[in-house]
Amino acid sequence: MKIIVSAGGTGGHIYPALAIINKFKEKDKDLEVLYIGTHNRMEKDIIPERGIRYEPIEIYGFSKKDIMLDIKNINCIRKAKKRCLELMKEFKPDLVLGIGGYVTYPVIWAANKLGIKTFIHEQNSHPGKSNLMLQKKADLIGVSFKESINSFDKAKGEVFYSGNPCGENALSLEPMDKKKLGLDDNKKLVVVVAGSLGSATMNEKMKDFLHKSKEFDYEVLYITGKNLYDDFIKEEQFPSNVKVLPYLDNLAALLKKADLIVTRAGASTMSEIFSLRLPAIFIPSPYVANNHQYFNALEVKNNGGGELIEEKCLTSDALINKINEVLNNKEKYESMKENLAKMSMDNSSDVIYEKLKDLVK
């Protein structure tokens, strides 16, 4: 089989795409993959490193503020459509997959124009603009949140609950040894992280919380983000039950040993939380498109799987109260784990693969 995959901009789009590609490779040893991404975002490095053929196109998200950039982007989209048509006529794919990001628009458009079967996947509870625009062109749509099905009321084809394949990757990992990080196996662990790059705003708000953590019997692992670490720890002396790191590779392996996570509400992180049944306190980033992290977190909260503190309401006391409320109430804690299990799809890539296999029969 030959497939074209497009996803870009953030790991929240790229890593689900890679999980789906890996499932196709597992099922079809003769699989050929062409990946179409942007010329300047992280996928341009991540994908070629994995030995996958990569074709970049120049395209940007619409800014609403920079009129000249938006005019340039209209021209880029026109060129991208033409280039995608050329690539598809040359590669002759059986199936084209769009796994999120504005780069997918010209890719799915071109496939639809040529009569090639298409699939799009939505990771967030409130769909992005590209996927909403593409719903009339896609033959099949998978969603990570059950409630998202209702957002695709103009879909051309079937919309189904697929879950997010990032979660099952976390399940397959060996748990990390806490002692290697200087943590105590006999104490509860709260992990605090604001995405892979960290957040300067959140870091500043968190210092007081970390100092007050000395009053509690749990340990805190705080991850600042690589580029923010030096400024964060400068002239700071945190309590002995607090460990501060710039970054932790394979974080999901440690989450298998954690008791609670305080985090943003990005789609990939949430899928890992679902699969690991790890109670969470979400502090959604208010700086993302369509405020989608807030709606991700709100859906989990409404389903009893997590707590929510908006960044504008974040204080050390508010966070400490929420942590104590979760960790010290066994009935609430177990209920959160049970509700996370209900929200999880632990065989997402299998479900997606089977649906796509049927689509191209």
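How many Å apart are the mean positions of the positive and negative charges of the chain? In this predicted model, the answer is 5 Å, with 53 positive and 49 negative charges going into the two means.

**View 1. The whole chain and its fold elements.** Count along the chain and you get 14 helices plus 13 strands. With a radius of gyration of 21 Å, close to the 21 Å from the globule rule for 361 residues, the chain is as compact as a globular protein of that length. Lined up on its principal axes, the set of C-alpha atoms fits a box of roughly 65 × 45 × 35 Å.

**View 2. Inside and outside of the chain.** Buried residues make up 54% of the 361 in the chain. As for the contacts, take those between residues at least 6 apart in sequence: 62% of them link residues at least 24 apart. On the outside, the accessible surface adds up to about 16500 Å², and carbon and sulfur atoms hold 48% of that.

**View 3. K92 and its loop.** Zoom in on the loop running between α3 (67-91) and β4 (95-98), and there sits K92. Its phi is positive, at about 55°, even though K92 is not a glycine. K92 is also exposed, its relative accessible area being 57%.

**View 4. N290 and its loop.** Here the loop is the one between β12 (280-282) and α11 (292-302), and N290 is part of it. N290 isn't a glycine either, yet its phi is positive at about 60°. With a relative accessible area of 42%, N290 counts as partly exposed.

Technical notes: Residues numbered from 1 in each chain as written. Predicted model: local features only at pLDDT ≥ 70, side-chain atom pairs only at ≥ 80, totals over all residues. Heavy atoms only, no water. Helix = DSSP H or I, 4+ residues; strand = E, 2+ residues; numbered from the N terminus. Rg over C-alpha atoms; globule rule 2.2 N^0.38 Å. Buried < 20%, exposed > 50% of the residue type's maximum accessible area, 1.4 Å probe, protein only. Contact = heavy atoms within 4.5 Å. Areas by Shrake-Rupley, 256 points an atom, 1.4 Å probe, with all protein chains shown as cover. Lys, Arg positive; Asp, Glu negative; His and termini not counted. Charge placed at Lys NZ, Arg CZ, Asp CG, Glu CD.
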